[in-house]
Amino acid sequence: GRRGDSGRTHCKILIPTQVSDLYGRGVLPNCPEGITLRVLLSRLLNCQPMRVSKKYSGEAWATHGKRPYTPARYEAVPSQPDA
């Protein structure tokens, strides 16, 4: 990359990887339900969705790259009576 670009390149790899993991588990904070990972990353990285599709590919991407975001649903655990 260009001189002084290494920090930006690191972020372009690290951020999408972390976002993808949280997205796939349904635990990404403040993520609108129904948004695709492709569109979300394009907004976060301030680029066109097609650029995201070209940059990130592979099995993980194929699994949820174009799948709408669905937050994880957690069931309330009944409280245990004091013993």
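These legends describe views of a predicted model of one protein.

**View 1. The whole chain is helical in its elements.** The protein has 4 helices and 0 strands. Read from the N terminus, its elements follow the order α-α-α-α. Of its 83 residues, 25% are buried. The surface exposed by the protein comes to about 6,600 Å². Carbon and sulfur atoms supply 53% of that area. Among contacts with a separation of 6 or more, 60% join residues 24 or more positions apart.

**View 2. The largest nonpolar core has 11 residues.** Three tyrosines belong to this core: Tyr23, Tyr56 and Tyr69. Its leucines are Leu28, Leu37, Leu40 and Leu41. Val19, Cys31, Ile35 and Val52 complete the set. H1 and H2 each supply at least two residues of the core. H2 gives the most, with 3 residues. In soluble globular proteins, nonpolar side chains tend to be buried together.

**View 3. Thr36 sits in a loop between two helices.** Helix H1 (6-25) lies on one side of this loop in sequence, and helix H2 (37-44) on the other. Is Thr36 buried or exposed? Thr36 has a relative accessible area of 18%. Buried means under 20%, so Thr36 counts as buried.

**View 4. Thr36 has contacts beyond its sequence neighbours.** Neighbours within four places in sequence are left aside here. Thr36 then touches Tyr23, Gly65, Lys66, Arg67 and Pro68. One of these partners, Tyr23, is also a member of the largest nonpolar core.

Methods
Residues numbered from 1 in each chain as written. Predicted model: local features only at pLDDT ≥ 70, side-chain atom pairs only at ≥ 80, totals over all residues. Heavy atoms only, no water. Buried < 20%, exposed > 50% of the residue type's maximum accessible area, 1.4 Å probe, protein only. Contact = heavy atoms within 4.5 Å. Areas by Shrake-Rupley, 256 points an atom, 1.4 Å probe, with all protein chains shown as cover. Core = buried A, V, L, I, M, F, W, Y, C linked by side-chain atoms within 4.5 Å.
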